[in-house]
Amino acid sequence: MGADIRPVVLGGGAVPFRRYKDGSHWRDWVRHAGRAALQDAGLAPLDIDSLVVANETDFISLQVNPGPVVADELGMSGVATVRVEAGGGSGGAALRTAFAQIMGGTAKRVLVVGFEAGASHLSAKDVQLIYGLSFDAEIDGMAGATAVSLYALSISMHMMALGTTSAQMAAVSVKNHGHAKANPNAHKPMDLSIDDVLTSPNVSTPYRRLDCSLISDGAAAIVLAHPDHAPASPTPRSRIVGSGAATDHARLGDRAEPHVFDAKARAARDAYAMAGIDDPASEINVAEIYDAFTGAEIQGLEALGLANPGWAGPALLDGAYTADGPLPVNLSGGLIGQGGAPGAVGVMQAVNMDRMLTGRSEMASGRDFRLGVVDAHGGICTSSAVHVMKRMD
Amino acid sequence: MTEQSFPLVLALNYHHATGEMAPYFEALEVGRARASKCPTCGDVRMPPRPVCPDDGTQTEAIDLSGAGQVAAVTHGDAVPPFGDHATPQSFVLVAMDGADNFMFGRMIDAHADDAVAVGTRVRLAGAQGASPHPSGAAVFKRDQDQ
């Protein structure tokens, strides 16, 4: 067996997920996030030999081929670059691209930058229209499908098949909004009760307003390196020890079980195999799960093998996934509390996870986490990327 | 830093083709169900799939009755992004008779106090007025024949 060359995390940076009304541009956000990541890594711009940019849609950014623009903003023009897009899972797909570049030997130090101007650049109605194209745009999107209607149909079948309740879903909202209070980059930290969620206005049954994630602006950046090209560090580092990706049918109705996130289950299986994980529920200490809606966290917990089918909901009400529970989930607040800037989410998950694993985050509340999973998907879990991160000894 | 933002309007006019899905859309607009059937494994899909998702075989066209049963429903006030629809709206996944999958669509005449339920028999209703795209005819009505 050859040397273990799975990528080391050298550093990360971000700008808070917000709705920016200060006249700033996404070019400012990627510059600030990217420079923070380089500083955290102790690297200069020209130490980077590959730039991977995650961004969901130029309908929002008004920038086709953003890679060279981001390179210019960061003072690394000349670097190899590619833009990666997989809907809301763009950041996760970008991580996997960087992982593959390092494992394949085409890059030594990769800067991954994710960004989205989802909240400030267009009206909510226009953003909803664009995000409605994230599914099978021709067949379902043009028929009126939106993210909330498809996620609502999926979770309603989960409720019928497995007994999941609205109160269980509300517990996700309470938890994630509450967790966000420890995250200075979070868009909507707040204290809520389950009753607050259950009495918020209906959006699309069974989902109410407080079951829905946010549409945010933001950017995040992370530096990954081949272990032989990672400068010595006096402090602990983490590395990506497993990567998996998979797809599901683009049309929700084409899936044998529309309430099951099968792409995530298959991506996780591959990531766990690479990481040497046999029993994720007992081995993984902490998770960042793509909670586009409250029920999606329940579906994600089950697909990731962190809960048996039908058991994630009851465990949520028991506090299993809170900051002081046995398996904290979305300590950042997730998309519901931290915010949903699609191109940036998957990158932000990895930045937060690295900090939690290396004891550098208030979000960890002083707990000792060694092994975590980050999970991002596009569409209604149509494309999935799952990564396992581990603190290096 | 000088804070500045300004309105910027981008109007895009597409010449949008339906490609080899055209027969599906033409049937949909008059309330008929043009589905696909795999000659190898017999898998039937509505809406159709040109290649069987189970074994990769090129499928053949098959007509279904256009009737089916609601498998999932969601109801709300969100305005669909395409077309000029009043709220509230009910969207459904329908198990079409004879098909092995579910079809996404919109219920006509949705009312909050009379939302369609899982198990309700429905039928394709055909195009309901002008729609910017023929998928706007993916509309169901309660099946009065049942």
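1. A salt bridge is a side-chain nitrogen of Lys or Arg within 4 Å of a carboxyl oxygen of Asp or Glu. In this predicted model, B:D143 and B:R123 fit that description, for their closest N and O atoms are 3.5 Å apart. B:R123 belongs to strand β7 (residues 121-124) of chain B, while B:D143 lies in the segment after β8 (139-142) of chain B, so the salt bridge ties together parts that are 20 residues apart in sequence.

2. The two partners of this pair may also be described by their accessibility. B:D143 counts as buried because its relative accessibility is 8%, and buried means under 20%. B:R123, at 23% relative accessibility, counts as partly exposed.

3. How many salt bridges does a search of the whole structure find? Over all chains, the search finds 23 salt bridges. As a general matter, side chains of opposite charge can pair when their charged atoms come close.

4. One of the pairs in chain A joins the side chains of A:D40 and A:R360, with a distance of 2.9 Å from N to O. This pair links distant parts of the chain, as the two residues are 320 residues apart. A:D40 is in helix α1 (residues 26-41) of chain A, and A:R360 is in the loop between α15 (342-357) and β10 (371-378) of chain A. A:D40 is partly exposed, with a relative accessibility of 29%. A:R360 is likewise partly exposed, its relative accessible area being 41%.

5. In chain B, the side chains of B:D43 and B:R45 form a salt bridge with an N to O distance of 2.8 Å. Are these two residues buried or exposed? B:D43 is buried, at a relative accessible area of 8%, and B:R45 counts as buried at 6% relative accessibility.

6. The residues B:D43 and B:R45 also take part in a network of salt bridges. The network links them with B:R49 of chain B and with A:D136, A:R251 and A:D254 of chain A. A student inspecting the structure may wish to locate these six names together.

7. A further point concerns the surface. Which residues make the nonpolar surface patch of about 800 Å²? The patch is made by A:F59 and A:L62 together with B:F6, B:L8, B:L10, B:L12 and B:Y14. Among them, B:F6 lies in the segment before α1 (22-29) of chain B. B:F6 counts as exposed because its relative accessibility is 59%, and exposed means over 50%.

Technical notes: Residues numbered from 1 in each chain as written. Chains lettered and ligands numbered in written order. Predicted model: local features only at pLDDT ≥ 70, side-chain atom pairs only at ≥ 80, totals over all residues. Heavy atoms only, no water. Helix = DSSP H or I, 4+ residues; strand = E, 2+ residues; numbered from the N terminus. Buried < 20%, exposed > 50% of the residue type's maximum accessible area, 1.4 Å probe, protein only. Patch = residues over 30% accessible without salt bridge, like charges linked within 9 Å, V, L, I, M, F, W, Y side chains within 5 Å. Areas by Shrake-Rupley, 256 points an atom, 1.4 Å probe, with all protein chains shown as cover.
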